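Subject: Handing over the structure

Hello,

Here is the structure I promised to pass on to you. Please open it alongside this email, and then read on for what was found.

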Amino acid sequence: MTHKFIQIHNARQHNLKGIDVAIPREQMTVVTGLSGSGKSSLAFDTIYAEGQRRYVESLSVHARQMLAQMPKPDVERIDGLIPTIAIQQRIAYGSPRSTVATTTEIYDFLRLIFARAGTPSCWACGRVITRQRTSEIVDAVLRFPEGTRFLVIAPLAIGEDDSAKDALEHIAKQGFVRARINGETVHLEDAADLELGGLKKIDVIVDRIAAKPDVATRIADSIELALEIGKGRIIISTETSRGQFEDSAYSTSFACPDHPEVTLDELKPRMFSFNSPHGACKKCHGIGTFLDFEESLLVPDPSRALSGGAIAALGSASQRSASIPKIIQKFCDRFEVSPDASYESLSADQKKILLRGDGAGFEGVASFLRQRWEKTDSDSVKERLHGYMSEAPCPECHGQRVAQAARSVRIAGLNIAETCAQSIEQARSFFDELTFDPVLEPVVQPILREIRSRLNFMCEVGVEYLTLDRPSNTLSGGEAQRLRLATQIGSGLSGVCYVLDEPTIGLHQRDSQRLVATLRTLTDLGNTVLIVEHDEEVIAAADHVIDIGPGAGDAGGAVVSEGTLADVLAAEDSLTAQYLSGRRSIETPKKRRAIDPKRTIEISAARANNLKSVDATIPLGCLVCVTGVSGSGKSTLVGDILWRALARSINGSGPRPGLCDGVSNLDLVDRVIEIDQMPLGRTTRSNPATYVGAFDQIRRQYALTREAKIRGYAHARFSFNVVGGRCEDCQGQGVRRIEMHFLPDVYVECATCGGTRYNRETLEVRYRGKNIADVLAMRVEEAASFFENIPKVYQPLRALLDVGLGYVELGQSAATLSGGEAQRTRLAAELGKSAIGHTMYILDEPTTGLHIADVDSLVKVFDRLVDLGHTLLVVEHNLEVIKRADWVIDLGPEGGDAGGSVVAQGTPETIAKSSASYTGRYLAKRLKGGPIIG
């Protein structure tokens, strides 16, 4: 009998309390609830994990033996389970070679279409390079009118180690009597008297023929011989008038007849891959950027004398006894410049020579420093010199990643790098309008169909503003997840259960409905969609809602309500229902903080990426929110311009800020802290307790116990990173890695220590009845209560509680934290520090993964930081955060090229009144209060 539901019986995974739920198949179900209530435990750790386990059981005996130690979810049984696919929000990091085009496999199809239908051209003269078969060249000549006089010429290229004289002697020995040198026809017997100098090109006259019906065989033989001598290149020079000839060049390979150095191999897909040595730029090896010394960093104070340390990386005279660096002295002596001259007094050419060399013996400061940087074994020297360097586009490929040959192949005027530089929306229009010669249509249509469908799906999930060459490690977790979602839609699978983790992350409210329509596409294909989500638009659109709670951690793990949206909203003890129905709400401030015009950072004419000469005001001592539709330019304005400018102003080094006229009043900020969503660590050793500094104090507390003193245990004994107290079988990790070869590595609990990380002797030391492993297994809220009387432990744990992470275990691997949890852990670490001077905190969507009740707690933490006199700059779409801000900058009006302008800036009330602001339309309703849904 066909199951209409996926039925879970007595699920006890993690904090789930033996729950029973029924998930309707071929419908969209949303699992919601407080952060840490057990949503992911149900969706991912139970349903998805069991689906994967059953798949493994279908593998061969050999594979099952290797995977035998994989744990089974703690659930009595699951009926009606279908194949499961998880699409999780993971922050992308790692190889800079990965791009949007490569991760979505569009780049594979682009390589194929450029190899099959691209038109190569000469990169020296721009001439289209074609190749003809020998028979085609012969046929072209045979069509000449009878009596036409022409020459069959073989262009002969002279090698670097060869001389023109030797080449002429060689062709003379082969029986040829005439050659064309510098456009003049000469007899080879007279060539010995010519001044040949450095001549590297000679045209051998193979034959002189007049077109007649009986010379067809002679013409064919002469052309074949010329092609052999010219290595696939030939010139047919036709007489146009008495003694005047006109050349027509032909080639049987992809080579420019006028530039013999310009040759291409047969066009193959690998030629267009920047991840292959066959296609990658030789200078940057396919990365597209080049780490080089930057003038503004090398010369921070141009008014200083050359001998007085103008080139900061070389040091001043006082740092080097009484002498100036030799390379500076060499420059001054060679180019007659006084060592006492300031850098700014040099001419532009002198500055260029000083830094980059003259190409005639003087290497330049940048080349000198690069040699030191590459050859030194000293980490301190490398680190110091690295501070004077920044990434710049590769000087050879100009950021296009691929080699010159690949860049010379074009379709509709664009090469493969220029095609990828388009946004997804632009690329869709480009390929929709693309047409080919009828001969090529059967070849390119299957490729075009794949490219167009993938681009369409990516537009449907709301990432049309991304460029195809956007590095994957710059994507947010939501963008990366939506790209994977688009790939899954394109696969056309049916009968699958898709499990998604907050697909609306980073998505503006305007685009939520479009995402819902995309998810509906999956259910229409006969799939089941299970979503862990807090967004009200997705919850309202669900066929079935499961509310997990009522609290987090041990206070959660139960089904608070289940059914339709109306059923959930009617639940009295559901926090979700209370906020969505308006029975509880995050209050709008009755009074905004005053803006001091003298304490503002001004960004002038920002033009980086898609920004269109944006002027923005950032008031200090306030909660400032930068918002706008996805792709409108928020990250560019805040990350690429403001943060980089602040980092350079405060630290004296760092990445170059994006293009703008200037950022003023940077001296008003003493410290800038960027709190992003990148993982805290990639190993199982890092955890929240170590990151916020609580674990060091906990270890010291254990070292003070009577038992530890008797045994002589210092605080290092209680570290799972140090030999002595840790379990040596797993080296303090609590798990052992099993290499799966053709499958991802599997981590299983250490059989010796049972996952505690420590050896038996260490675990015998107890504080208030708990050993060190028991403490690591505590949730933050439990540990905060346990150590309430020890301020140095309690304070950092209190900070974790304040940012809504009370449900997280102290020893939970940082690698398992979501992007939002990692960001809030960083925020908690900052809360536990004593800030010196005025600090600007920059956060990127801190509400990621938060229930609205948790957002309520988070904004109170924001207020606490601002009330201490600091500035909080938040990139955010969440309306609850926006309405609490003192100042809002709304970018748009659209994403990509249609964005990049300031639609409105001011208080939330100002934004709500702007008719051009999409954010304002949604914010106006939220400022009025009332139910969020309904």
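Let me begin with Pro-893, which is found in the loop between strand S31 (887-892) and strand S32 (901-906). The peptide bond that joins Gly-892 to Pro-893 is cis, with an omega of about 0°. Before going further, please keep in mind that this is a predicted model.

There is another cis peptide bond to look at, between Gly-549 and Pro-550, again with omega at about 0°. Pro-550 has its place in the loop between strand S20 (544-549) and strand S21 (558-563). As background, most peptide bonds are trans, and most residues other than glycine have a negative phi.

That brings me to two backbone angles. Lys-231 is not a glycine, yet its phi is positive, near 55°. Lys-231 lies in the loop between H7 and strand S11 (233-241) and is exposed, with a relative accessible area of 74%. His-398, also not a glycine, has a positive phi of about 55°. You will find His-398 in the loop between strand S16 (389-393) and helix H13 (404-407), where His-398 is exposed at 60% relative accessible area.

Next, the salt bridges. A search of the whole structure turns up 47 of them. A good one to start with pairs Asp-207 and Arg-218, whose closest N and O atoms are 2.6 Å apart. This pair links distant parts of the chain, with Asp-207 in strand S10 (residues 201-210) and Arg-218 in helix H7 (residues 216-229), 11 residues apart. Is Asp-207 buried or exposed? Asp-207 counts as buried, because its relative accessibility is 12% and the cut-off for buried is under 20%. Arg-218 is partly exposed, at 40%.

Two further salt bridges are worth a look. Glu-136 and Arg-133 form one, with 3.3 Å between the closest N and O atoms; Glu-136 is partly exposed at 34%, whereas Arg-133 is exposed at 56%. The side chains of Arg-77 and Glu-76 form another, at 3.8 Å from N to O, and Arg-77 is partly exposed with a relative accessible area of 39%. There is also a network of salt bridges that links Glu-464, Arg-510, Asp-511, Arg-514 and Glu-894.

Now to two helices. Arg-53, in helix H1 (residues 39-57), is buried, with a relative accessible area of 18%. The side chain of Arg-53 makes a polar contact of 2.8 Å with that of Glu-50.

In helix H6 (residues 164-173), the buried residues are Ala-164, Ala-167, Leu-168 and Ile-171. They lie on the same side of H6, because they cover an arc of only 100° around the axis. An α-helix has 3.6 residues a turn, so residues three or four places apart point the same way. Lys-165 and Lys-173 are exposed on the other side of H6. After H6 comes Gly-175, which has a positive phi near 105°.

Finally, the empty space inside. The structure holds 3 cavities of 30 Å³ or more, and the largest has a volume of about 470 Å³. Which residues are closest to the centre of the largest cavity? Of the 30 that line it, they are His-534, Asp-535, Glu-536, Thr-847 and Asn-878. The lining divides into 9 nonpolar, 13 polar and 8 charged residues. Among the helices that each supply at least two residues of this lining are H18 (509-524) and H31 (852-867).

Enjoy exploring, and best wishes.

Methods. Residues are numbered from 1 along each chain as its sequence is written. This is a predicted model: local features need pLDDT of at least 70, side-chain atom pairs count only at pLDDT 80 or more; totals for chains, interfaces and linings use all residues. Side-chain values use heavy atoms; hydrogens and water are left out. A salt bridge is a side-chain nitrogen of Lys or Arg within 4 Å of a carboxyl oxygen of Asp or Glu. Buried means under 20% relative accessible area, exposed over 50%, partly exposed in between (1.4 Å probe, protein chains only). Helices (H or I, at least four residues) and strands (E, at least two) are DSSP runs, numbered from the N terminus. The arc is that of the directions from the helix axis to the C-beta atoms. On a 1 Å grid over the protein atoms alone, a cavity is a set of points where a 1.4 Å probe fits but cannot get out, and a pocket is an open set with protein on both sides within 12 Å along at least five of seven lines; lining residues have an atom within 4 Å of a point. Grid points are joined across faces, edges and corners, and a volume is the space filled by probe spheres set on the points. Ala, Val, Leu, Ile, Met, Phe, Trp, Tyr, Cys and Pro count as nonpolar, Asp, Glu, Lys and Arg as charged, and the others, Gly among them, as polar. A polar contact is a pair of N or O atoms within 3.5 Å; within protein, one must be able to donate a hydrogen and the other to accept it, and residues adjacent in sequence count only if both atoms are side-chain atoms.
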